[in-house]
Amino acid sequence: MESPKRTSPEGLGQMLVEAKLITKEQLQHAKEAQAKDGDKLERVLLRQRLISPQQLALFTSLQLGIPFVNLKKEGVRPNAVALIPEAIARKYGVIPIDALNGTLVVAMEDPRDIQTIEDLATLTRKRIEPVLSTSQDIQEMIDLNYRVGGEIEEQLSQIPTRYQKARVTETARVSAEAIAQAPVVRAIDLLIKQAVRDRASDIHVEPQEDKLRVRYRIDGILHDIMALPLSVHPPLLSRVKIMAGLNIAERRRPQDGQITFDMGDREVDIRVATSNTIHGEMVVLRILDKTFAFLPLPEIGFLPQTLERFLQMVKTPFGMILISGPTGSGKTTTQYATVNQLDATGRNILTIEDPVEYRFANINQMQVNPTAGLTFASGLRASMRLDPDVILVGEIRDAETAQIATQASLTGHLVLSSVHANDTVSVIFRMIDLGVEPFLLTSAVIGIVAQRMVRCVCPYCSRPTEVSPDEQMAYEQELGEKQSEFLVGAGCNFCANTGYLGRTGIFEVMVMGESIRRLVLSGAGSDELRAQAHKEGMVSLWHDGMLKVKAGTTTPYEVIRNVSSIG
């Protein structure tokens, strides 16, 4: 096999200078740093953020005469992936992308690594043709292309037969020996790691009449991942219970617990809930990945003009901001993003949550515990004695919490909370139903946000596609323009063949202005209030959603699916 030609690092540095990506002085400083720590010049340039990984890869490609491959655009061939085990791919930081006529094309960050090339050639018994890509893209493709389903089934098949005979409906305790077996431990670890890689928010393990069904909730939709024999249910369930600190002998009553799972590069918190069904105990693992918890406000989906209205509300020193939407509409994400926007050093920020999903530095968080007498209402009452500036109440569910939150906002505190309601106007009537007097409500409320979450079109497989007449009509009625083709994902490796990748919010923000206050006090109906809010610049959920359709962010189907027929 012909080795890649070697060229000096100085050649790369000079190329970067000539391309005016770095100056001679920056190159000299980088070389001095390289001499001190003995690292490669390329890594020093990256560490000092003088160049990007993409720029480095492109110039290294020119320097070595080796092709640069955009893995996200080109993808990889399954027959090539099958030739190199996942452990080897991760160890060497490579991804096989094509196999043809005795040659295996392998993407590498450093194609000058002769030892790696020789090891791969020995392993695969093929000629290795290296191509260049970035480390990040290689890692993403490894995560996408090595699935754990087969390995999980292989691990579970190693459980001794005497333990597999246990049935899901039996109440006999699974022995500690069975639970501690490496195959069960490995299977659960693989299941969680794959879920995190797939951006799943939940893992469902559900016993059925003839199988154990495993599903991931990705971008709000449940997907079947694998079907396992019922015989592996007891040891799997017991292993999860032990990890979460639950009672493995208790099978009739619901239980909940917490797991901190080590992903290698970060820790992920997992909330575990179990409950009995007619076929045995099901378990749901809610993945609380901090990577997605600390998004800034501009990144959660606000249109620029809507974000500006919301930020003006947040800057108000006291009053109440209410966020509405059904379960799973992203209310908690918006609350956390708002709290992150505030100055936690100069202000005392308290939260009362059920449960505390993510922990924040410099913020005092309380968790609802009805058994100990700590409810939203009692926690809110107690927080008033702790000299707070900002209070986040997870949810207003009852009259007592509604009234205390209103009083807190009227006595010099900024209160942020959520209410289950269909849209912004409905929140006003919901609060009145909970016993808050209209004159107090209009004095306390600064503004109201209603929101939904919609899936984003996958950028890697999107293409103009004609949609159904109903979708065309919904778009035309809202934006007043005809269009038959919209960007729709065809399905690819990146989006698990769903056509969607990630989610974004759609919002309507109503500011409690003087005209709306007067209408509420006069007993006006929802249509009147909504018309006035639109007159004052509020963009409806429908309109916000269709503007994102126009921008190619989502599809008409997603807006129709998530936004009910409201004004």
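## Exercises on a predicted model

In helix α21, which spans residues 469-479, the buried residues are Glu471, Gln472, Ala474, Tyr475 and Leu479. The model is a predicted one, and the exercises below begin with this helix.

**Exercise 1.** Determine how the buried residues of α21 are placed around the axis, and state what covers them.

*Solution.* Begin with the buried set, namely Glu471, Gln472, Ala474, Tyr475 and Leu479. These residues cover an arc of only 160 degrees around the axis, and therefore they lie on the same side of α21. Next, turn to the other side of α21, where Pro469, Asp470 and Gln477 are exposed. Then look for what covers the buried residues of α21: the covering elements include β16 (462-466), β17 (485-489), α24 and α25 (556-562). Finally, continue past the end of the helix, where α21 is followed by Gly480, a residue whose phi is positive, near 70 degrees.

**Exercise 2.** Establish the strand order of the seven-stranded sheet, identify its edge strands, and describe the pairing of β13 with β14.

*Solution.* The seven strands follow the order β12-β11-β13-β14-β10-β15-β18, forming an open sheet in which the pairing is mixed. The edges are then β12 (364-367) and β18 (500-511), each of which pairs on one side only. From one strand to the next, the twist averages 20 degrees. Within this order, take β13 (residues 390-393) and β14 (residues 414-419), which run parallel and are joined by four bridges; here Leu392 stands opposite Leu416 in β14. As a last step, place a helix against the sheet strands: α24 (residues 541-550) lies across β15 (445-457) and β18, and its direction is at about 140 degrees to that of β18.

**Exercise 3.** Decide how many disulfides the structure holds, and examine Cys456 and Cys458 individually.

*Solution.* The count of disulfides is zero. For Cys456, which is in no disulfide, the nearest cysteine sulfur is that of Cys458, 10 Å away. For Cys458, the nearest cysteine sulfur belongs to Cys492 and is 3.7 Å away, and Cys458 too is in no disulfide. The step that settles both cases is the cut-off, because a disulfide requires the two sulfur atoms to be within 2.5 Å. Accessibility completes the description: Cys456 counts as buried at 13% relative accessibility, while Cys458 is buried with a relative accessible area of 0%.

**Exercise 4.** Locate the cis peptide bond between Asp354 and Pro355, and place the residues Arg199 and Asn362, whose phi values are positive, in their loops.

*Solution.* Consider the peptide bond from Asp354 to Pro355, which is cis, with omega near -10 degrees. Pro355 is placed in the loop between β11 (349-353) and β12, and Asn362 lies in the loop between β11 and β12 as well. The phi of Asn362 is near 70 degrees, a positive value in a residue other than glycine, and Asn362 is exposed, with a relative accessible area of 58%. Arg199, by contrast, is found in the loop between α13 (182-197) and β4 (200-207). Its phi is near 65 degrees, which is likewise a positive value in a residue other than glycine, and at 27% relative accessibility Arg199 counts as partly exposed.

Note on methods: Residues numbered from 1 in each chain as written. Predicted model: local features only at pLDDT ≥ 70, side-chain atom pairs only at ≥ 80, totals over all residues. Heavy atoms only, no water. Buried < 20%, exposed > 50% of the residue type's maximum accessible area, 1.4 Å probe, protein only. Pairing = 2+ DSSP bridges. Helix = DSSP H or I, 4+ residues; strand = E, 2+ residues; numbered from the N terminus. Axes fitted to C-alpha atoms, helices over the stretch in contact; angles between N-to-C directions. Contact = heavy atoms within 4.5 Å. Arc of directions from axis to C-beta.
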